[in-house]
Amino acid sequence: MQTSFIDGDLLYRQHIFEVPLDYTMPNDQTIAVFAREVVDLARQNDDLPWLVYFQGGPGFPSPRPDSRSGWLKRALQQYRVLLLDQRGTGNSTVISHQTLAHMSAQEQADYLSHFRADNIVRDAETIREKLGVQQWATLGQSFGGFCTLTYLSFYPQSLSRSYITGGVPSLTRHADEVYQATYQRVQDKNEAFFAQFPSAQIQCQKIADYLLDNDVRLPNGQSFTVEQFQMIGINLGRSGANVPMYYLLEDAFVEANGKETLSYAFLNAMLAEQSYQTNPIYAILHESIYCQYSASNWSAHRVRDNFPQFNYHKGSAFNFTGEMVYPWMFDQFECLKPLQEAANLLAERTDWADLYDVEALAKNTVPVACAVYVDDMYVEMQYSQETLKGIPNSKAWITNEYEHNGLRADGEHILDKLIQMADGVANLP
């Protein structure tokens, strides 16, 4: 593949870096990390500051832009942008059921343990040094914000500015506390959705009852269950989600051979919603992003017992779930089945290292500007505020104008505001 290309007035340059799998044993095994540099073609030779982007997830690659738009448009006014495919994603050495098939369950678990935020940040540091960049700015969306606080904890000297959107986590709370809060936020989103579309409640119950009474298969041959159907509620935390969700539900059934059945189009859409199939890091390591010297022990699954409204049975109200992972997913999802034992081992792991240095963050000197969303279904606003109180030189824009995906919905405006906020922090006496 070519190492660079031009599209319109932008230059895209591909980079591949060889980095240690385990930074405590740097000479043992290496992996590849891919990053795409994007710069204004007219300024490609200018000495521009760098901005590295940390994608949400965990387990998803960086965006593949095809134009100067959104937050990238604003960033390119003053930065040379680096879109990082976090280890295990995109064009980096990828994690999938295929690439892990040759390993035992214990080997899979050991290997996967190196794909959390701490090593994502170490990769960024290695890349910064290889590019000869003295300092750069960071933009972290959702989980990318978690990575940003890890970066600020351990390598603050490498950062000039940090911008965070919908991604300021608690530094100390256990995963159980996180899910106690997020289940309530998910319930709020359910109530808002069904209040707007009361008929959708009837349709969801009809779909769920059909799944309980019939052996329904997705296009990949996988059995489709009520629990899987509930998981499409993850979309309710994004702006403009309610109407598309309603449209998805309204034509779920089709008449065939004189009988009503779930349509192929609906079932194909349900399979497309299961990003865990193609991005298994999202399922396997999701709860570990909250773990520091503690095990998750399938936290979301256990905490769900405190919210019986999410356990559907005939005659009950239907509720969608959100951004939670469950052990039964590794029984049901075709591409997760080969990783079940490794997932259980990782859920039981207690020796996860610290992701944050609270004392270092309490001495922070890097200007940090954050968009904190009041109605965020994925990251609890109160926990974000709690964290930012302990980080000097940070400033929060707390808004209900956007949902969690604000950076995608109106990225140019949001990043512009954060840049101005960080500049204001930097200029304080």
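Biologist: Why are helix 2 and helix 13 called oblique to each other?

Modeller: Let's start with the numbers, bearing in mind that this is a predicted model. The axes of helix 2 (residues 105-112) and helix 13 (residues 340-347) cross at roughly 55°. Roughly parallel means under 35 degrees, and roughly perpendicular means 65 to 115. An angle of roughly 55° fits neither range, nor the one over 145 for roughly antiparallel, so the pair counts as oblique.

Biologist: How do you know that helix 2 and helix 13 meet?

Modeller: Contact requires heavy atoms within 4.5 Å. By that test, A105, Q106, Q108, A109 and L112 in helix 2 meet E341, A342, L345 and L346 in helix 13. These contact residues divide into six nonpolar, two polar and one charged. The two axes come within 8 Å, and their crossing is right-handed.

Biologist: Stepping back, what makes the chain as compact as a globular protein of its length?

Modeller: First, its make-up: the chain has 16 helices and eleven strands. Its radius of gyration is 22 Å, and the globule rule gives 22 Å for 429 residues, so the chain is as compact as a globular protein of that length. Along the principal axes, the C-alpha trace spans about 70 × 45 × 45 Å.

Biologist: What share of the residues is buried?

Modeller: Buried means under 20% relative accessible area, and 57% of the 429 residues fall in that class.

Biologist: And what share of the contacts joins residues at least 24 apart?

Modeller: Among contacts between residues at least 6 apart in sequence, that share is 77%.

Note on methods. Residues are numbered from 1 along each chain as its sequence is written. This is a predicted model: local features need pLDDT of at least 70, side-chain atom pairs count only at pLDDT 80 or more; totals for chains, interfaces and linings use all residues. Side-chain values use heavy atoms; hydrogens and water are left out. Axes are lines fitted to C-alpha atoms, for helices over the stretch in contact, and angles run from 0 to 180 degrees between N-to-C directions. Helices (H or I, at least four residues) and strands (E, at least two) are DSSP runs, numbered from the N terminus. A crossing is left-handed if the near helix is turned anticlockwise from the far one by less than a right angle, and right-handed if clockwise. Ala, Val, Leu, Ile, Met, Phe, Trp, Tyr, Cys and Pro count as nonpolar, Asp, Glu, Lys and Arg as charged, and the others, Gly among them, as polar. The radius of gyration is taken over C-alpha atoms; the globule rule is 2.2 Å times the number of residues to the power 0.38. Buried means under 20% relative accessible area, exposed over 50%, partly exposed in between (1.4 Å probe, protein chains only).
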